[in-house]
Amino acid sequence: MKRTKSLVLSALLAATVGVVYAQSQSRAPIRVGVIVSTTGPAASLGIPQRNTVQLLPQRIGNTPVEYIVLDDASDTTTAVQNTRKLIQENKVDLIIGPTTTPASLAMIDVVADAKVPNISLAASAAIIDPVDAKRFWVFKTPQTDAIMANAIVQSMAQNKIRTVGYIGFNDAYGEGWYNELRKYAAQRNIRIVANERYNRTDTSVTGQVLRIVAARPDAVLIGASGVPGVVPQAALKARNFTGRIYQTHGVANADFLRVGGRDVEGAILPAGPILVAEQLPDSNPNKKVALNYIKSYEDKFGAGTRSTFGAHLFDAGLMLQRAAPIALRRAQPGTAEFRSALRDAIEGTRNLIATHGTFSMRNNNHLGLDSRSRVMVTIENGTWKLLK
């Protein structure tokens, strides 16, 4: 009799396990659309972001995750078209990206109207500030131009710089950086004596640099990202400019060093701690996560291929892994209720230790990083050196 009961219990247990297994296998996947610039002027930023998708989890708990990756060719119109495609055709639950500020600003209306959460990989504070009805759906992982501009002006003040010239992209990225420079420079009585613009695809900025040199500033800030940031610095060196040259965190990648060569030696910039992870003290809370990402990336793509821009996408993945289990308690993927729950869970992120800093979101702060998410570095002998 006992043997009969045991067989029945075993059969029931096996059936229960089978049902649970079947349910986990049939669970609707979380669909994540990724928009990055793998071609065009921002490709040096977007390619490591695309590569990093391969390091994100394929499952979160029992729920599979699908990633659909599209290239916007560094073009704002294409980014918006990709956003509509991911929402209308692929029915995504979340969009990560795009790479650039102009594209990210252009996508805000689309994701807000569709009520799809978006984690941007672009820099400008205007992407998430203020958190109004549209930006309710938008978050970001890179440090803002405001956080980084404040660090640059602090460095200028420490180096007794009294006048600065500015040259930046002729788009929202360049304008955002100028506005932040103007704000923080005024607080420290640093005078802006030149204000120039150029296009991301320009190969010469001779006229703009001649006007900057004629204004005789103590330093120049270049408001650019990626390889196009080399052009003004090379032109300044060619005109024997001897003042300090500052760049933004938008140039912190290996391609900038490779293309810039000796022309970018001595440049000073703020960056996420991951850029110099090995040089950080062991007490830095982000060092371990940053080193783990670097090892995973370089094991797959080769030594020396690390990128702070890929790490921004990795941090977005960490955010998803924290938020998704919370959202799954309220609704199933593929539904409006799940997308809303996922948005709420992302906004509820607290003390998430990542590669670039520690995220603590609020309903009026959709970045959640602070001054601990930046370090100052210089370029010395073709590599990044932490300034202490």
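## An open sheet of six strands

Two strands count as paired when DSSP finds at least two bridges between them. With that in hand, let's look at this predicted model. Six strands form an open sheet, arranged in the order β2-β3-β1-β4-β5-β6, and the pairing is mixed. At its edges sit β2 (59-60) and β6 (138-140), each of which pairs on one side only.

Following the order to β6 brings us to its partner, β5 (residues 118-120): the two strands pair in the parallel sense over three bridges. Within that pairing, N118 has V138 of β6 as its bridge partner.

## A helix across the sheet

Helix α4 (residues 101-114) belongs in this picture too. It lies across β1 (30-36), β4 (94-96), β5 and β6. Relative to β5, helix α4 runs at about 175°. Angles over 145 degrees count as roughly antiparallel, so α4 is roughly antiparallel to β5.

## Strand β9 and its partners

Now for strand β9 (residues 219-223). Five of its five residues are buried, so the strand is largely enclosed by the rest of the structure. The cover extends to both faces: A219, L221 and G223 are buried on one side, and V220 and I222 are buried on the other. As background, side chains in a regular strand alternate between the two faces of the sheet.

Which strands pair with β9 in the parallel sense? One is β7 (residues 163-169), which runs parallel to β9 and is joined to it by five bridges. Another is β10 (residues 244-247), which pairs with β9 in the parallel sense over four bridges.

A219 is a handy residue to find on screen, as it appears in both pairings: V164 stands opposite A219, while R244 is the bridge partner of A219 in β10.

## Where α7 meets α8

Two packed helices are described by the angle between their axes and the distance between the axes. Helix α7 (residues 206-215) packs against helix α8 (residues 230-238) at an angle of about 55°, and their axes are 10 Å apart. That angle makes α7 oblique to α8. The crossing of the two helices is right-handed.

What residues make the contact between α7 and α8? From α7 come V209, I212 and V213, and from α8 come P232, A235 and L236. By class, the contact has six nonpolar residues, no polar ones and no charged ones.

Key. Residues numbered from 1 in each chain as written. Predicted model: local features only at pLDDT ≥ 70, side-chain atom pairs only at ≥ 80, totals over all residues. Heavy atoms only, no water. Axes fitted to C-alpha atoms, helices over the stretch in contact; angles between N-to-C directions. Parallel < 35°, antiparallel > 145°, perpendicular 65-115°, else oblique. Left-handed = near helix turned anticlockwise from the far one by under 90°. Contact = heavy atoms within 4.5 Å. Nonpolar A, V, L, I, M, F, W, Y, C, P; charged D, E, K, R; others polar. Buried < 20%, exposed > 50% of the residue type's maximum accessible area, 1.4 Å probe, protein only.
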